[in-house]
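Me: Please take a close look at a single part of this structure, namely the small sheet and the strands that build it. I should also like to see how that part relates to the surface near the DNA.

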Protein chains: 4
Amino acid sequence: MLLHVNAGDELPIYRQIVRQVADSIAGGRIKPGDQLPSHRDLAAQLVIAPLTVKKAYDELEREGLIETQRGRGTFVRERPPATVAAESRERLREAARRLLTQAALCGVPFEDVVRVLEEAKEKTTERTDS
Amino acid sequence: MLLHVNAGDELPIYRQIVRQVADSIAGGRIKPGDQLPSHRDLAAQLVIAPLTVKKAYDELEREGLIETQRGRGTFVRERPPATVAAESRERLREAARRLLTQAALCGVPFEDVVRVLEEAKEKTTERTDS
Amino acid sequence: MLLHVNAGDELPIYRQIVRQVADSIAGGRIKPGDQLPSHRDLAAQLVIAPLTVKKAYDELEREGLIETQRGRGTFVRERPPATVAAESRERLREAARRLLTQAALCGVPFEDVVRVLEEAKEKTTERTDS
Amino acid sequence: MLLHVNAGDELPIYRQIVRQVADSIAGGRIKPGDQLPSHRDLAAQLVIAPLTVKKAYDELEREGLIETQRGRGTFVRERPPATVAAESRERLREAARRLLTQAALCGVPFEDVVRVLEEAKEKTTERTDS
DNA sequence: GTGGTCTAGACCACC
DNA sequence: GTGGTCTAGACCACG
């Protein structure tokens, strides 16, 4: 799994990690059961403090995407339990709302939003295929 | 111009204002030459500290989007740089990407994403009508 | 709000804080809208590191019990939103399951569990009244 | 003796074993003189490392609940100290307290807590019957 | 080896 | 003043 992090970014480092790992799972680049690097290793690789990576892992665990086992490591979850799935759906609706809001702010009509979405999908697919 | 602000949001209040004004210009809802409310009035309307609005206006002026004329008020600049619209569009694409990631995590196929989007649109329309 | 913390306890310090604050809200000793002490102040009062208190506040916010506003402080939430309420109900059911499990392990029949519950309730009420 | 163990649990695996054995003694499901499975067998049954079970047995022996006889096996001690049952009961009371706190946070009145408990009981019974 | 917790300090941004 | 983030180190417990 390749991650890169930018200290000067608007987004805090730990959230950049959260998002990239979530994207990696969503894109199928890492699969259920896969083990993530230890937060110490990843920290060394990214040249940041271990606690920063741990904070990211903690958030991913709270979201039900990964699972940590003391003394063994952290792994991508098999399948999120029902309550987590419900929250996840709510986040989906929230993301839909935000997209619509932003479209309205840009003066982009609904039909074009779907086109923007399709374009984004193509790029994601390319990324996954490579 | 209708603005709304959320104190609990991840984005600082003053940046929420910056974005909404910038998007309003990009979307054509306010046009070059239009006058913005005084930062005191806007602060009163949003029930926040005047300094916060001032900070937002300052940033908008630094970005070249608006112009303050001492004793007269603040106005939308003529020929706002093309970058404004571009940045607004980029935020739209980013929102689309996030929606797709979240959909993948939920196991929701692309066709259904469009349906979720339509449902969200209906609710928004209802809300707007009332 | 009176909190006490025990470094030698089985439960991590930050979880002790989470529980005591949650109990305080549940017991009505602090009410919606009330401001909590800043995490720095509380840390000084308890003679622990500020980050430890912050971790507790973060968890309470995630659970939807409190709300933080940058630059202003942290407050007890008015009413948890729907999704949070759902999770909260699930935690309730989980707590019920644990109680039954423990009762089975102790060899305590169901009728006596209700009595244990009533005794616990009386003590809680006393605590709240004082 | 039926034990089950959860790697993802907050409580370390070896302490889960300690508790379940202690509670089994307190609940009378295993009696003084009864022989426990060897730590290797139990480890195989629970699909965990033998060392983990050994650690649990060591702690149980330190607490005076069980006794290892070299070359013969490990047995429940005669006249286990009264504290065992007391601790088990204390865990029961603690579980009751948590249930009440969670109920208060959900705004669920005491009468309904009993109903939630009954519902949980039914489900457990169904599960046990199957 | 792994994760879990805690410390003491720093710097920043927000209000 | 407030919260938000990050660091560099420590110690412990677990498997």
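**The sheet and the DNA surface**

Reply: In β3(A), Phe75(A) is the bridge partner of Gln35(A). The model under discussion is a predicted one. The pairing of Gln35(A) belongs to the contact between strand β1 (residues 35-36) of chain A and β3(A), an antiparallel pair held over 2 bridges. Phe75(A) in β3(A) is also the bridge partner of Glu67(A). Strand β2 (residues 66-69) of chain A runs antiparallel to β3(A), and 4 bridges join the two. Between β2(A) and β3(A) lie 3 residues, and the two strands form a hairpin. In its turn, Gly71(A) has a positive phi of about 80 degrees.

Strand β3 (residues 73-76) of chain A is covered on both faces. Gly73(A) and Phe75(A) are buried on one side, and Thr74(A) and Val76(A) are buried on the other.

Chain C can be described in similar terms. Its 3 strands form an open sheet with antiparallel pairing, in the order β1-β3-β2. β1 (35-36) and β2 (66-69) of chain C each have a single partner strand and stand at the edges, so one side of each has no neighbour in the sheet. Strand β3 (residues 73-76) of chain C pairs with β1(C) in the antiparallel sense over 2 bridges, and within β3(C) Phe75(C) stands opposite Gln35(C). Across β1, β2 and β3 of chain C lies helix α3 (residues 50-62) of chain C, which runs at about 115 degrees to β2(C).

The remaining point is the DNA. DNA strand E is surrounded by 27 residues, of which the closest are Arg40(A), Tyr14(B), Ile13(C), Ala49(C) and Thr52(C). The residues of this surface comprise 10 nonpolar, 9 polar and 8 charged. Sugar or phosphate accounts for 76% of the atoms of DNA strand E within 4 Å of the protein, and bases for the rest.

Phosphate oxygens of DNA strand E enter several polar contacts. One lies 3.3 Å from a polar backbone atom of Ile13(B), and one is 3.3 Å from an N or O atom in the side chain of Lys55(B). In chain C, a backbone N or O atom of Ile13(C) is 2.4 Å from a phosphate oxygen of DNA strand E. The elements that give two or more residues to the surface near DNA strand E include β3 of chain A, together with α2 (39-46) and α3 (50-62) of that chain. Chains B and C each contribute α1 (13-26) and α3 to this set.

Technical notes: Residues are numbered from 1 along each chain as its sequence is written. Chains are lettered from A and ligands numbered from 1 in the order in which they are written. This is a predicted model: local features need pLDDT of at least 70, side-chain atom pairs count only at pLDDT 80 or more; totals for chains, interfaces and linings use all residues. Side-chain values use heavy atoms; hydrogens and water are left out. Two strands pair if DSSP finds at least two bridges between them. Contact means heavy atoms within 4.5 Å. Axes are lines fitted to C-alpha atoms, for helices over the stretch in contact, and angles run from 0 to 180 degrees between N-to-C directions. Buried means under 20% relative accessible area, exposed over 50%, partly exposed in between (1.4 Å probe, protein chains only). A residue is near a molecule or strand if one of its heavy atoms lies within 4 Å of it. A polar contact is a pair of N or O atoms within 3.5 Å; within protein, one must be able to donate a hydrogen and the other to accept it, and residues adjacent in sequence count only if both atoms are side-chain atoms. Ala, Val, Leu, Ile, Met, Phe, Trp, Tyr, Cys and Pro count as nonpolar, Asp, Glu, Lys and Arg as charged, and the others, Gly among them, as polar.
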